[in-house]
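User: Could you take a close look at one part of this model for me? I'd like a connected walk through the side chains there.

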Amino acid sequence: MASNNADNNDTATVKDGILDLRPPKSGLVYQLLRLGLTFDHKDDSGETWCDYSRGVTATFTDRQATETVIADMDTKDAETITASRLATVTEIKTWRSDGTAD
């Protein structure tokens with residue numbers, strides 16, 4: 001079955017000879033990639049994605065999770081946010097990215 005990856009599944013698809021490995025647009029991974037984070041590591045508690053230049057991490061239990069904890073690496077301030085709400089985020093500001101600026 002071919003998919004346009006618009007639904008929340010984690011399966012690769014082949015359509016017209018093209019292997020599509022992109023994550024579903026409705027999922028956390030897509031939103032984290034869109035915001036500039038990349039996979040860092042996976043352990044017993046789940047996955048961690050990071051952007052070291054801005055000092056931001058995102059952690060979640062597994063690829064089917066519907067929410068993630070986004071944290072500032074320097075201040076340790078964190079926010080739990082759903083994938084649907086994360087889709088409305090256009091920028092993540094951290095101490096490292098903006099310092100004391102508003």
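Analyst: Here's a look at the aromatic pairing, followed by a threonine and a surface patch. Keep in mind that this is a predicted model.

Searching the whole structure turns up one aromatic pair. The partners are F39 and W49, arranged edge-to-face, with 6.0 Å from centre to centre and 85° between the planes. They sit 10 residues apart and tie together distant parts of the chain: F39 belongs to strand 3 (residues 38-43), and W49 to strand 4 (residues 46-51). As for cover, W49 counts as buried because its relative accessibility is 4%, under the 20% cut-off. F39 comes in at 42%, so this ring counts as partly exposed.

Next up is T68, which you'll find in strand 6 (residues 67-72). T68 is buried too, at 1% relative accessibility. Its side chain has a polar atom 2.8 Å from the backbone oxygen of T59. T59 also shows up among the residues T68 touches once you skip neighbours within four places in sequence; the full set is L28, A58, T59, F60, E79, T80, I81 and L86.

Now for the outside. V14 sits in strand 1 (residues 13-15), and its relative accessible area is 55%, so V14 counts as exposed, the cut-off being over 50%. Together with L19 and L21, V14 makes up a nonpolar patch on the surface, and the accessible area of the three adds up to about 340 Å².

Methods
Residues numbered from 1 in each chain as written. Predicted model: local features only at pLDDT ≥ 70, side-chain atom pairs only at ≥ 80, totals over all residues. Heavy atoms only, no water. Patch = residues over 30% accessible without salt bridge, like charges linked within 9 Å, V, L, I, M, F, W, Y side chains within 5 Å. Areas by Shrake-Rupley, 256 points an atom, 1.4 Å probe, with all protein chains shown as cover. Salt bridge = Lys/Arg side-chain N within 4 Å of Asp/Glu carboxyl O. Helix = DSSP H or I, 4+ residues; strand = E, 2+ residues; numbered from the N terminus. Buried < 20%, exposed > 50% of the residue type's maximum accessible area, 1.4 Å probe, protein only. Phe/Tyr/Trp six-rings, centres within 6.5 Å; stacked < 30°, edge-to-face > 60°. Polar contact = N/O pair within 3.5 Å; in protein donor to acceptor, adjacent residues only side chain to side chain. Contact = heavy atoms within 4.5 Å.
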